[in-house]
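Colleague: I would like to learn how to read a model like this one, step by step. Could you give me the general idea each time, and then the case in front of us?

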Amino acid sequence: MPWFWEGLKTGVRTLRPGAVRLPSGVTPGRPTTTAVTARDRFDANICPVGALAGRDAGVAVDFDHCIHCMRCQPPKAPVHWQNDYRWAQAAAPPLPHRFQRSIHVRIVDAGDCGGCLSELRQLLGPVYSLHRYGIYVSPTPRDADVLLVVGPVTVGMRVALEETYAAMPDPKRVVAVGVCALNGGLFADSFAVMGGASRVVPVDVTVPGCPPPPLAILHALELVTGLSRETREVAES
Ligand code: SF4
Ligand code: SF4
């Protein structure tokens, strides 16, 4: 229970909203496109999913496909790793203001390997304490404002996902968590998967990562609720 001992040492029982924190968990951060490199020492083939590409002036990283294998950490590749957690992207405005402190989330496991669900589960514990933001996990889609999808969406889960979305009242938003839910991830070529949530339901917010750390998932929920600065910018544009 390292969080328990840290809490005793620092006197901080939970993360403060807005506090600067690194994306603790299984990842040291995220690789980002790097402008200055010694390209002759760089081999894009070290990336097992083809998410790295050499450019004239640097290295381009396709973060929506990166599986966080960490093979491109220096000195193996001249890629800059960023220790932030604001990984989510919103394609739709947040839910109306009146929802901000009472958001109910329906989680659908559409073929998750266990990694994304494990990170999600951390949000419900005392370190992240999701409930203090007014965000709750709903046992039924009929009360849910947000559909949170993990996994590449197996063919067997397609109908369940469609029906879950249809059962939710308007207004509603869909968040795809993890590269599997974005595009199928490592399973994209399998005959048994649809290749991402957007093949079945309209996706409003995406969180890359494999898996994304809890703070990155929390960032996506901030975009949905309008609690983050980026969300307000999307709404105003
Ligand atoms: S961490 Fe792995 S998957 Fe991601 S860009 Fe680097 S080599 Fe590719
Ligand atoms: S994104 Fe990675 S951790 Fe999440 S379900 Fe897919 S393989 Fe598992």
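Modeller: Let us begin with what it means to be near a ligand: a residue is near a molecule if one of its heavy atoms lies within 4 Å of it. Please keep in mind throughout that this is a predicted model.

Colleague: With that idea in hand, which residues are around ligand 1?

Modeller: The residues around ligand 1 include four cysteines, Cys 47, Cys 66, Cys 69 and Cys 72, and beside them stand Val 49, Leu 52, Ile 67, His 68, Met 70 and Trp 81. When these residues are sorted by class, nine are nonpolar, one is polar and none is charged.

Colleague: And where does ligand 1 sit?

Modeller: Ligand 1 sits in the second largest cavity.

Colleague: How should I read a shell such as that of ligand 2, and which helices supply at least two residues each to it?

Modeller: One can list the residues, then their classes, and then the elements they come from. Ligand 2 is surrounded by Asp 112, Cys 113, Gly 115, Cys 116, Gly 178, Val 179, Cys 180, Phe 187, Gly 209, Cys 210 and Pro 211, and by class these are seven nonpolar, three polar and one charged. The helices α2 (115-122) and α4 (179-183) each supply at least two residues of this shell.

Colleague: Pro 211 is in that list; what kind of peptide bond joins Cys 210 and Pro 211?

Modeller: For a peptide bond, the angle to read is omega. The bond that joins Cys 210 and Pro 211 is cis, with omega about -5°, and Pro 211 lies in the loop between β10 (205-207) and α5 (214-225). A cis peptide bond also joins Asp 170 and Pro 171, where omega is about -10°, and Pro 171 has its place in the loop between α3 (158-167) and β9 (173-177).

Colleague: What should I notice about phi of His 68?

Modeller: Here one reads the sign of the angle together with the residue type. Phi of His 68 is near 60°, a positive value in a residue other than glycine, and phi of Met 70, likewise a positive value in a residue other than glycine, is near 70°. His 68 lies in the loop between β3 (58-61) and β4 (80-82), and Met 70 lies in the loop between β3 and β4 as well.

Colleague: Is His 68 buried or exposed?

Modeller: The cut-off for buried is under 20% relative accessible area. His 68 has a relative accessible area of 8%, so this residue is buried, whereas Met 70, with 25%, is partly exposed.

Colleague: Why does Lys 172 count as buried?

Modeller: Lys 172 counts as buried because its relative accessibility is 13%. This lysine lies in the loop between α3 and β9, and its side chain reaches the backbone oxygen of Tyr 165 at 2.7 Å and that of Met 168 at 3.1 Å.

Colleague: Leaving aside its neighbours within four places in sequence, which residues is Lys 172 in contact with?

Modeller: With those neighbours left aside, Lys 172 is in contact with Leu 95, Asp 145, Tyr 165, Ala 166 and Asp 204. Lys 172 and Asp 204 are 32 residues apart in sequence, while their C-alpha atoms are 9.4 Å apart in space. As for Asp 145, this residue is found in the loop between β7 (135-137) and β8 (146-150), and counts as buried at 9% relative accessibility. Among the contacts of Asp 145 beyond four places in sequence are Leu 95, Pro 171 and Lys 172.

Terms used:
Residues numbered from 1 in each chain as written. Chains lettered and ligands numbered in written order. Predicted model: local features only at pLDDT ≥ 70, side-chain atom pairs only at ≥ 80, totals over all residues. Heavy atoms only, no water. 1 Å grid on protein atoms, 1.4 Å probe; cavity = no way out; pocket = protein on both sides within 12 Å on 5 of 7 lines; lining within 4 Å. Sits in = over half its atoms within 2 Å of the grid points. Nonpolar A, V, L, I, M, F, W, Y, C, P; charged D, E, K, R; others polar. Helix = DSSP H or I, 4+ residues; strand = E, 2+ residues; numbered from the N terminus. Buried < 20%, exposed > 50% of the residue type's maximum accessible area, 1.4 Å probe, protein only. Contact = heavy atoms within 4.5 Å. Polar contact = N/O pair within 3.5 Å; in protein donor to acceptor, adjacent residues only side chain to side chain.
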